[in-house]
Amino acid sequence: MPTHSTIMVTGGAGFIGSHTCVELLGHGYEVIVVDDYSNSSPQVVSRIQRVAGRFLGAVYEVDLRDRRTLSSVFDRHHVDAVVHFAGKKAAGESALIPIEYYDVNIGGTTALLAAMQEHGVHQLVFSSSSSIHGDIDKGPPTEQDPDRPSNPYAASKWTCEQMLADVCRLRPEYTVLSLRYVNPVGTHPSGLLGGAPPGEPAHLRPSVAGMGVGGRERIVAIGGGKSAAATSGVRDGIHVMDVAEAHRIALEHLDDSTGLRVFNLGVGSGTSVFELLMAFGEVSGRTTPYEVVDPQPGDVAERVADPGATTRERGRRAARDFAALCRDTWCFHRLNPTGCAG
Ligand SMILES: NC(=O)c1ccc[n+]([C@@H]2O[C@H](COP(=O)([O-])OP(=O)(O)OC[C@H]3O[C@@H](n4cnc5c(N)ncnc54)[C@H](O)[C@@H]3O)[C@@H](O)[C@H]2O)c1
């Protein structure tokens with residue numbers, strides 16, 4: 001896809017979306033953001049432009065499920081491809097409000113596909129999740145391993161992938177790359193972007209970093225991890241700038257073939273919650289209190305993805321290391337104790 005193309009980024013004000021917008025602007029793309037700010041803030045938009053040194057093509061406050069308004073956005077722009085991040089993302093929360101998760105994630109994706117079809121847009125990079133694999137007994141799952149989504153969030157992502165597989169099988173003009181990532185962490189090194197979720201962060205990274213600047217009182221670590229090196233939950237941790245780059249590279253390879261292609265995105269090795277707490281302690285000079293609790297339904301003890309296919313096909317590995325992601329995350333939270341909205 002040529003770098004002057006126009007890309008719609010849904011959820012572009014969110015954590016991964018904002019970093020991807022910076023990456024795309026930096027490579028000459030015209031970027032249209034669609035976001036309802038349900039888990040972000042309009043302030044992120046000016047920060048994206050400040051970091052990138054370029055203006056976004058346009059920004060629309062739209063809930064994807066509002067089909068008429070979404071369609072009017074496509075009316076106004078010649079969109080070449082869509083990168084689709086918008087959705088709800090917390091596995092634990094999804095067990096409490098499953099209907100909202102299905103409504104936003106599947107309903108939003110269905111509405112987006114309908115608007116794309118109506119406007120002859122057939123190229124999509126989909127933000128998927130390795131949680132589709134569930135808790136598996138062997139080592140890191142590959143894309144060929146069975147899907148066993150164990151909570152409504154994972155099931156919603158799995159359903160979207162099934163939908164995309166059907167669309168691609170039945171309508172050969174469609175090309176979709178689905179990127180399944182495990183645990184994007186870190187922030188842009190400028191300290192200007194990092195996510196601005198209102199309320200309590202549901203993910204570990206902002207929770208740990210937020211502790212050091214007056215966030216919650218203690219970290220709750222899920223016990224029962226299977227790794228001998230850890231007694232707490234173990235997660236892969238890929239730097240969000242590597243994830244952003246991967247989306248730009250995915251766009252560049254959309255034209256390689258038609259149909260749905262699925263790739264894992266991750267580092268390929270895991271870090272326990274305790275290792276993360278210690279690393280943040282080192283960069284911040286502060287100690288983080290924690291408590292270990294039993295896993296809840298839908299919690300997965302260990303999630304590390306095998307990124308082998310991505311490396312083989314694209315000749316590319318995650319470039320940034322654990323130290324960089326801890327340093328960048330701490331920098332963002334030190335400068336923005338209440339997130340981008342502060
Ligand atoms: N962060 C992770 O650990 C992780 C891991 C695997 C997959 N993912 C997936 O990546 C995507 C982005 O994740 P993130 O961490 O950037 O999340 P995020 O919550 O920071 O960003 C999502 C953005 O989508 C917007 N949004 C939500 N519902 C919307 C709707 N109905 N209409 C328009 N905008 C809407 C939110 O306001 C937010 O700006 C999600 O689809 C998530 O499932 C995230």
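Me: Strands are taken as pairing when DSSP finds at least two bridges between them, strands (E, at least two residues) and helices (H or I, at least four) being DSSP runs numbered from the N terminus. What makes β1 and β2 a pair?

Reply: This is a predicted model, in which local features need pLDDT of at least 70 and side-chain atom pairs count only at pLDDT 80 or more, whereas totals for chains, interfaces and linings use all residues. Residues are numbered from 1 along each chain as its sequence is written. Strand β1 (residues 6-10) and strand β2 (residues 30-35) share 5 bridges in the parallel sense, and therefore satisfy the requirement of at least two. Within β2, Val31 is the bridge partner of Ile7.

Me: Which residue of β4 is the bridge partner of Ile7, and how many bridges join β1 and β4?

Reply: The partner of Ile7 in β4 is Ala81. Strand β4 (residues 81-84) pairs with β1 over 4 bridges, again in the parallel sense.

Me: Which elements make up the right-handed β-α-β unit?

Reply: β1, helix α1 (residues 15-26) and β2 form it. The term means that, with the strands pointing away from the viewer, the path from the first strand over the helix to the second runs clockwise.

Me: Why is β1 described as largely enclosed by the rest of the structure?

Reply: The description holds because 4 of its 5 residues are buried. A residue is buried with 20 or more other C-beta atoms (placed from the backbone) within 10 Å of its own, exposed with 12 or fewer, and partly exposed in between. Across the 342 residues of the protein, 49% are buried.

Me: Why does Val240 count as buried?

Reply: Val240, in helix α8 (residues 240-252), has 27 C-beta neighbours inside 10 Å and so counts as buried. Leaving aside residues up to four places away in sequence, Val240 touches Phe15, Ile16, His19, Pro184, Val185, Gly186 and Thr187, a contact being two C-beta atoms within 7 Å. Its C-alpha atom is 6.4 Å from that of Ile16, 224 residues apart along the chain.

Me: Why are α5 and α6 called roughly parallel?

Reply: Helix α5 (residues 98-118) and helix α6 (residues 152-170) pack at about 20 degrees, with axes 9 Å apart. Angles under 35 degrees count as roughly parallel, over 145 as roughly antiparallel, 65 to 115 as roughly perpendicular and the rest as oblique; the two helices are therefore roughly parallel. Residues making the contact include Tyr101 and Ile106 of α5 and Tyr153 and Met163 of α6.

Conventions: Axes are lines fitted to C-alpha atoms, for helices over the stretch in contact, and angles run from 0 to 180 degrees between N-to-C directions.
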